[in-house]
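I am opening this notebook to keep a record of what I looked up in the structure. The entries go from helices to single residues and backbone angles.

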Amino acid sequence: MSTATTHDDHHHGAPSGIMRWITTTNHKDIGTLYLWFAFINLLIGGAMAMVIRAELFQPGMQVVDPNFFNMMTTMHGLIMIFGAVMPGFVGLANWQIPMMIGAPDMALPRMNNWSFWILPFAAIMLIAPMFTGGAFLDGQGPAFGWTMYAPLSLQYDKLSFFIFAVHMLGFSSIMGAINIIATILNMRAPGMTLMKMPLFVWTWFITAFLLIAVMPVLAGAVTMLLTDKYFGTSFFAAAGGGDPVMFQHVFWFFGHPEVYIMILPAFGVVSQIIPTFARKPLFGYSSMVYATASIAFLSFIVWAHHMFTVGMPVAGELYFMYATVMIAVPTAVKVFNWMATMWRGSMTFETPMLWAIAFVFLFSLGGFTGLMMGIAPADMQYHDTYFIVAHFHYVLVTGAVFSIIAAVYYWLPKWTGHMVNETHGKIHFWWSTISVNVLFFPQHFIGLAGMPRRIPDYSVQFADWNMVSSIGGFAFGLAQVYFLFVLIKTIKGGEKATDQVWEGAEGLEWTIPSPAPYHTFETAPTVK
């Protein structure tokens, strides 16, 4: 069957050049499109972060006016979440899941093509309003924060345009998720039961259910914004009997599972990489699966910890506090299992392993600050300060973004046939890791000292650490331009990759058979 189709393709003019990419239904091509789209958005969103850090380099207003600054914080968040991190993980899923489960392609290849091609148009619609108005610096892009809180967002005159872009992003995510679930449930190779799937497949399987559950909630929230602004409803307008706090509840009911959508596939990536370079099967495979499912479930019942300061009843604060702290338990199980996998392994420190170890350490640091903010009375002090910014950048940059970079270094030889130059990879790693900590660690200090987030000017006592943070930011941004150089150099050529590319123990190179064929370390091995 497959040979016939390839034969036909070659002889009956399969599209080539640009049409090959526009019309492709091949999961590898689509994975590549997603990954390049994500990388371009990483650079665009990063450029916006550079504007933010340039303005905050010194107190006072230097670089941009306050409205443009607010537009940068808003667009930076939206582009990084919906344009870089999520498409990056979907690109990895498209490339790897069919190969990991022994499927010839994704279950719904044409829908796969469509779910990608919606994205560039949605992204253009998101960015376009920035270039309307007078001069570029008077851009009319959204300036109400990526969380789009009513009633502020209802003041925006191009709200319908913005909401249409958000709907399109949601369509794409839902279709991608349906495709992943259909592929995993229907196309596994004979003998691959669910509990034999590689962990990356498991984390994406669970993530896909999260996406299908919460994207319609975001669609509902923005549709209520739409009718409030253009059709005279008052869901969020107090004057008409509505409640602005209800917007926060609906938004965060989407928004909290969303942050787990951006980290669960990262857990899958490091669960593939660490066993390879420790040359040991993953410790506690089934506990990893159950921990992932527990995190996904708990992510739905903690949303109001984002809004401890709105004046909810103490009973509500207590409930959300306890539920939030509970998420630390399955997360700690995962960290323990990664450490136990490395324990007494024959570890080597190739580039992907460095990124994975940095992920475990720095993501855990972000998790600890998350625990601090989960304590309701303490959060009254942290709320809307730079401490929050430091926390979520530790989980999203040194967490999600680091894991995507780790995955790219790990699988690039498989995708291109070329090994990455280890020297270049390690330079990129150390440059990024040092600078990202110079960038975000000081933000804990200025946050605890009381500097509010999303404000372009600040009091003079915050000046020194803001300057340090900005220098780290410019260095980290430059490191990602170096990453582009490393990628292009690898794609164009380099040392040829072998079958046993990462020289793991037998069967551990690409997709670790999980649980391991020998024993899972969950029962004591019997002595023959």
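Helices here are DSSP runs of H or I with at least four residues, numbered from the N terminus. With that in hand, I placed Asp384 in the loop between α14 and α15 (386-416). I note at the outset that this is a predicted model.

**Entry: backbone at Asp384**

I looked up phi of Asp384 and found a value near 60°, which is positive in a residue other than glycine. I then checked its exposure, and Asp384 is partly exposed, because its relative accessible area of 36% falls between the limits of 20% for buried and 50% for exposed.

**Entry: the whole chain**

I counted elements next, and the protein chain has 17 helices and 0 strands. The C-alpha trace spans about 70 × 60 × 45 Å along its principal axes. I compared the radius of gyration with the globule rule: for 528 residues a compact globule would have a value near 24 Å, and the chain has 23 Å, which agrees. Of the 528 residues, 55% count as buried, and the accessible surface comes to about 21,800 Å², of which 70% belongs to carbon and sulfur atoms. I also looked at contacts between residues at least 6 apart in sequence, and 81% of these join residues at least 24 apart.

**Entry: helix α8**

How far apart are the end C-alpha atoms of α8? I found 26 Å for the 18 residues of this helix (residues 244-261), and at 1.5 Å a residue the expected span is also 26 Å, so the two agree. I nevertheless recorded a kink of about 30° in α8, centred on Trp252. Trp252 is itself among the buried residues of the helix, which also include Phe247, Phe251, His256, Pro257 and Tyr260. I asked what covers the buried residues of α8, and the cover includes α4 (66-101), α7 (199-230), α9 (264-278) and α10 (285-298). At the N-terminal end I found a cap by Asp243, with a side-chain oxygen 2.9 Å from the backbone nitrogen of Val245.

**Entry: helix α9 and the residue after it**

I turned to α9, one of the elements that cover α8. It has 15 residues and reaches 21 Å from its first C-alpha to its last, close to the 21 Å expected at 1.5 Å a residue. Since 15 of the 15 residues of α9 are buried, the helix is largely enclosed by the rest of the structure. Just after α9, Arg279 takes a positive phi of about 55°. I placed Arg279 in the loop between α9 and α10, and at 22% relative accessibility Arg279 counts as partly exposed, because the limit for buried is under 20%.

**Entry: Thr233**

I looked up Thr233 in the loop between α7 and α8, where this residue is partly exposed with a relative accessible area of 30%. Which residues does Thr233 contact beyond its neighbours within four places in sequence? I found Met224, Thr227 and Asp228. Its side chain makes a polar contact with the side chain of Thr227 at 3.0 Å and another with the side chain of Asp228 at 2.7 Å.

**Entry: three buried helix residues**

Gln443 is in helix α16 (residues 422-448), and I noted it as buried with a relative accessible area of 2%. The side chain of Gln443 makes a polar contact with the side chain of Ser469 at 3.0 Å. Leaving aside neighbours within four places in sequence, the contacts of Gln443 include Arg53, Tyr386 and Phe387 besides Ser469.

I found Thr490 in helix α17 (residues 463-492), buried at 3% relative accessibility. Not counting residues up to four places away in sequence, Thr490 touches Leu412, Thr416, His418, Met419 and Val420.

Ala376 lies in helix α14 (residues 376-382) and counts as buried at 3% relative accessibility. On the same sequence criterion I recorded that Ala376 touches Phe308, Glu317 and Met321, with residues up to four places away not counted.

**Entry: a cis peptide bond**

Last, I checked omega from Ala150 to Pro151, and this peptide bond is cis, with a value near 5°. I placed Pro151 in the loop between α5 (109-127) and α6 (159-186).

Methods:
Residues are numbered from 1 along each chain as its sequence is written. This is a predicted model: local features need pLDDT of at least 70, side-chain atom pairs count only at pLDDT 80 or more; totals for chains, interfaces and linings use all residues. Side-chain values use heavy atoms; hydrogens and water are left out. Helices (H or I, at least four residues) and strands (E, at least two) are DSSP runs, numbered from the N terminus. The expected span of a helix is 1.5 Å times one less than its number of residues. The bend at a residue is the angle between axes fitted to the seven residues ending there and the seven starting there. Buried means under 20% relative accessible area, exposed over 50%, partly exposed in between (1.4 Å probe, protein chains only). Contact means heavy atoms within 4.5 Å. A polar contact is a pair of N or O atoms within 3.5 Å; within protein, one must be able to donate a hydrogen and the other to accept it, and residues adjacent in sequence count only if both atoms are side-chain atoms. The radius of gyration is taken over C-alpha atoms; the globule rule is 2.2 Å times the number of residues to the power 0.38. Accessible areas come from the Shrake-Rupley method with a 1.4 Å probe; for residues, only the protein chains shown count as cover.
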